[in-house]
Amino acid sequence: VQLQASGGGLVQAGGSLRLSCAASGRTIRKYVMGWFRQAPGKERDFVAAISRSGGTTDYADSVKGRFTISRDNAKNTVYLQMNSLKLEDTTVYYCAARSLWDGIRVEYDYWGQGTLVTVSS
């Protein structure tokens with residue numbers, strides 16, 4: 001499956017952005033979907049994940065209550081709604097896909113290119 005992330009941009013602190021991850025090649029119904037972020041020179045960090053049906057989600061503590069992951073299997077797209085953005089949310093965000101729920105915070109089989117989110121003061 002090929003993944004294409006979009007929706008990044010410049011936003012003021014406290015503002016909102018919605019990232020999208022459009023899949024092609026295969027239906028995302030088969031996959032657990034996740035979002036990660038990575039700043040230059042730092043390790044890639046888990047942000048959020050959603051089960052195949054969308055009924056189960058998981059979030060990093062740093063974004064819990066501010067970010068919401070969702071999916072539209074009919075549109076083959078996953079979203080990350082980001083509210084109350086902070087300066088420290090500035091980085092590149094990646095979407096990813098894997099088959100199983102176990103290990104959602106660590107390993108994924110497919111990755112999209114990143115989309116840059118910049119939060120300004």
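**Exercise 1. In what order do the elements of the chain run from the N terminus on?**

Let's warm up with the overall layout. Keep in mind that this is a predicted model.

- Step 1: Walk along the chain from the N terminus and the elements read β-β-β-β-β-β-β-β-β-β-β.
- Step 2: Tally them by type, and you get 11 strands and zero helices.
- Step 3: Now check how the chain packs. Its radius of gyration is 13 Å, close to the 14 Å that the globule rule gives for 121 residues, so the chain is as compact as a globular protein of that length.
- Step 4: For the outline, the C-alpha trace spans about 40 × 25 × 25 Å along its principal axes.

**Exercise 2. Work out what share of the chain's residues counts as buried, and look at its contacts and surface.**

- Step 1: Of the 121 residues, 44% count as buried.
- Step 2: Take the contacts with a separation of 6 or more: 58% of them are between residues 24 or more positions apart.
- Step 3: On the outside, the chain exposes about 6200 Å², and carbon and sulfur atoms supply 46% of that.

**Exercise 3. Find the residues that touch the most other members of the largest nonpolar core.**

- Step 1: Start with a general idea: in soluble globular proteins, nonpolar side chains tend to be buried together.
- Step 2: Here the largest nonpolar core has 36 residues, and M33, W35, L80, M82 and Y93 touch the most other members.
- Step 3: See which strands chip in. At least two core residues come from each of β1, β3, β4, β5, β7, β8, β9 and β11. The largest share, five residues, belongs to β5 (45–50).
- Step 4: Zoom in on M33. Leaving aside neighbours within four places in sequence, its contacts include L3, C21, A48, I69, V78, A96 and Y108.

**Exercise 4. Is D58 buried or exposed? Describe its surroundings too.**

- Step 1: Locate the residue: D58 is in strand β6, which covers residues 57–59.
- Step 2: Compare its accessibility with the cut-off. Buried means under 20% relative accessible area, and D58 is at 19%, so D58 counts as buried.
- Step 3: List the residues it touches, not counting those up to four places away in sequence: F46, V47, A48, A49, W101, I104 and R105.
- Step 4: Pick out R105 from that list. The side chains of D58 and R105 make a polar contact at 2.7 Å.
- Step 5: Finish with a distance check. D58 and Q81 are 23 residues apart along the chain, and their C-alpha atoms are separated by 14 Å.

Methods. Residues are numbered from 1 along each chain as its sequence is written. This is a predicted model: local features need pLDDT of at least 70, side-chain atom pairs count only at pLDDT 80 or more; totals for chains, interfaces and linings use all residues. Side-chain values use heavy atoms; hydrogens and water are left out. A nonpolar core is a set of buried Ala, Val, Leu, Ile, Met, Phe, Trp, Tyr and Cys residues joined through side-chain atoms within 4.5 Å. Buried means under 20% relative accessible area, exposed over 50%, partly exposed in between (1.4 Å probe, protein chains only). Helices (H or I, at least four residues) and strands (E, at least two) are DSSP runs, numbered from the N terminus. Contact means heavy atoms within 4.5 Å. A polar contact is a pair of N or O atoms within 3.5 Å; within protein, one must be able to donate a hydrogen and the other to accept it, and residues adjacent in sequence count only if both atoms are side-chain atoms. The radius of gyration is taken over C-alpha atoms; the globule rule is 2.2 Å times the number of residues to the power 0.38. Accessible areas come from the Shrake-Rupley method with a 1.4 Å probe; for residues, only the protein chains shown count as cover.
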